[in-house]
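Subject: Structure handover

Hi,

Here is the structure we talked about. Please open it alongside this email; my notes follow below.

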Amino acid sequence: MNRDILIVGGGIFGASIAYALARRGLGERVLLLERQQLAGAATSRAAALVTLVRDKSHFIPLVQETRRAIEAMRADFSEDVGLRQVGALYASSTAGAAELDRLAASCGEFGIVSEKLTPDEAIRHSPWLNPAAFDTAVLFPQEAYVEPYLLSTAYSRSAAHLGVRIRLAADVRRICCANDRVSGVELRSGEVLPAAIVINAAGAWAGLLSAELGVPLPMAPVRSQYWITEPDAIFPRQGPIVLLPEIRAYARPEIGALLFGIRESRPAVADPRLLPADLSGFVFDPSDPDGWENLADGAEQLRRYFPAIDRLGIAHYITGPSNYTPDGNLVVGAVDRIAGLFIAAGCNGAGIAVSGGVGRLIAEQITGQACFVDAAPHRVERHGLFDPFAPEFLNLCAAARSRKTSG
């Protein structure tokens, strides 16, 4: 059978779309193209919270679909993605109590369970927290995290079991169109691969491929970063994810240590045209390549909640690009002006969590099924025509990351 459905990009979105299409019987038509290694760019650098609790409630069904996909791959192909359902603890001052109550009530409408805790009850779950730093806490016991590389490669392997073909070292130079319809892709080698459907899931580089077609994507690569402490007895291995909305910080267990991140007030953003194909040596801010200055800026607020930070060593610093949009929604769906072209990008730091939902949403649009969620908030061309590389636009995308308080 002709491989007439091409997916550009072997990260979390490309892999999940391949799996969703294959589950709908289209596996023999799908060719997944990756220029380097599967899940080798931003996906493998993710903190990988698969949290249901979201600032935007319309993201919740997307995350629920990811959890269903994880279970289906486990049942059908014995895939273990390192899912750890440890719960999530939100801690806040009295000033933030009403917002936590609102969040719990909103999530309760989706069947997400929550339990109010006193500070003393909270530190039984997370002994590293300072109980004097917060007045109220809410525990969401269904929350989880995964190993991002394992989840992405599980999607790919499951898709391959169902007929999808995967081709590495396939560097797509451009998406080809004729008469307002997609016709395939051209590789940097000069080879042209014909197709009736092309899905641009190229992550931080997706905007470059689409801009050449006159379709600017409303997103920009913003620095996502986290630190991992040295192991210490104060960190329970099965402790919960912790979110501190008032200082825009989060943490989760990491093999006897603590993985934590701070969403800075002025995140670094990159012009996507300057991103290298290999992110291993790329830094967003050459003046602070290891994130120490940024960590120091947030240390005073973090220290209130996490006093042990002053005595613990930092074992690892991880950074990579996460595509943020000005309105915080995804960039997912069909391109109106070019038949057969679909986009899956703009993860807003939630790519791992929403991956199963994005895969299903794209697969339903391609097969003409009714979408299981309202796709309108994520419409590709919702911002019309604009310059996606203008500094003013890049800064709008960076500001969206600074406003994020949930997982």
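Trp128 and Phe306 are both buried. This is a predicted model, so please read every value below as computed from it. The ring centres of Trp128 and Phe306 are 5.1 Å apart, and the planes meet at 70°. That angle is over 60°, so the pair counts as edge-to-face. The two residues sit 178 apart along the chain. Trp128 is in the loop between α4 (119-125) and β6 (136-140). Phe306 is in the loop between α7 (292-305) and β17 (314-324).

Phe306 has another partner, Phe260. Here the centres are 6.0 Å apart, with 75° between the planes, and the pair is again edge-to-face. Phe260 belongs to strand β16 (residues 257-262), 46 residues from Phe306. Phe260 is buried, as is Phe306. Which residues make up the aromatic cluster? They are Trp128, Trp227, Phe235, Phe260, Phe306 and Tyr317. The structure has 9 aromatic pairs in total.

Nonpolar cores

The largest nonpolar core contains 73 residues. Ile7, Leu21, Leu151, Ile199 and Val354 have the most contacts inside it. Helix α1 (residues 12-26) is the top contributor, giving 10 residues. A separate core has 34 residues, including Leu193, Val198, Val215 and Leu341.

Helix α1 is mostly covered, with 12 of its 15 residues buried. Among the buried ones are Ile12, Phe13, Ile17, Tyr19, Leu21 and Leu26. Small residues are on that list too, including Gly14, Ala15, Ser16 and Ala18.

Leu151 is worth clicking on. What does Leu151 contact, once neighbours within four places in sequence are left aside? The answer is Ile12, Ile70, Met73, Val81, Val146, Ile352 and Ser355. Ile12 is itself one of the buried residues of α1.

Two buried helix residues

Ile366 is in helix α8 (residues 351-367). Its relative accessibility is 16%, so Ile366 counts as buried. Leu21 lies 345 residues away along the chain, yet the C-alpha atoms of Ile366 and Leu21 are separated by 8.6 Å. Ile366 also touches Leu21, along with Ile197, Ile199 and Phe342, not counting residues up to four places away in sequence. Leu21 and Ile199 are both among the residues with the most contacts inside the largest core.

Ser402 is in helix α9 (residues 391-402). Is Ser402 buried or exposed? Ser402 counts as buried, because its relative accessibility is 13%. Leaving aside neighbours within four places in sequence, Ser402 contacts Arg248, Glu264, Ser265 and Pro267.

A three-stranded sheet

An open sheet of 3 strands runs in the order β9-β10-β11, with antiparallel pairing. The edge strands are β9 (172-178) and β11 (192-194), each paired on one side only. Neighbouring strands are turned by 30° against each other on average, direction ignored. β9 and β10 (residues 181-187) pair over 6 bridges. One of the bridge partnerships joins Val172 to Leu187 in β10.

The loop between β9 and β10 holds Asn179 and Asp180. Phi is positive for each residue: near 55° for Asn179 and near 60° for Asp180. Most residues other than glycine have a negative phi. Asn179 is exposed, with a relative accessible area of 78%. Asp180 is exposed as well, at 59% relative accessibility.

Cysteines

How many disulfides does a search of the whole structure find? The count is 0. For Cys107, the nearest cysteine sulfur is that of Cys347, 20 Å away. A disulfide needs the sulfurs within 2.5 Å, so Cys107 is in none. Cys107 is buried, with a relative accessible area of 0%.

Cys176 is not in a disulfide either. For Cys176, the nearest cysteine sulfur belongs to Cys177, at 7.4 Å. Cys176 is buried too, at 8% relative accessibility.

Best wishes

Technical notes: Residues are numbered from 1 along each chain as its sequence is written. This is a predicted model: local features need pLDDT of at least 70, side-chain atom pairs count only at pLDDT 80 or more; totals for chains, interfaces and linings use all residues. Side-chain values use heavy atoms; hydrogens and water are left out. Buried means under 20% relative accessible area, exposed over 50%, partly exposed in between (1.4 Å probe, protein chains only). A nonpolar core is a set of buried Ala, Val, Leu, Ile, Met, Phe, Trp, Tyr and Cys residues joined through side-chain atoms within 4.5 Å. Helices (H or I, at least four residues) and strands (E, at least two) are DSSP runs, numbered from the N terminus. Contact means heavy atoms within 4.5 Å. Two strands pair if DSSP finds at least two bridges between them. Axes are lines fitted to C-alpha atoms, for helices over the stretch in contact, and angles run from 0 to 180 degrees between N-to-C directions. Rings of Phe, Tyr and Trp (its six-membered ring) pair if their centres lie within 6.5 Å; planes under 30 degrees apart count as stacked, over 60 as edge-to-face and the rest as tilted.
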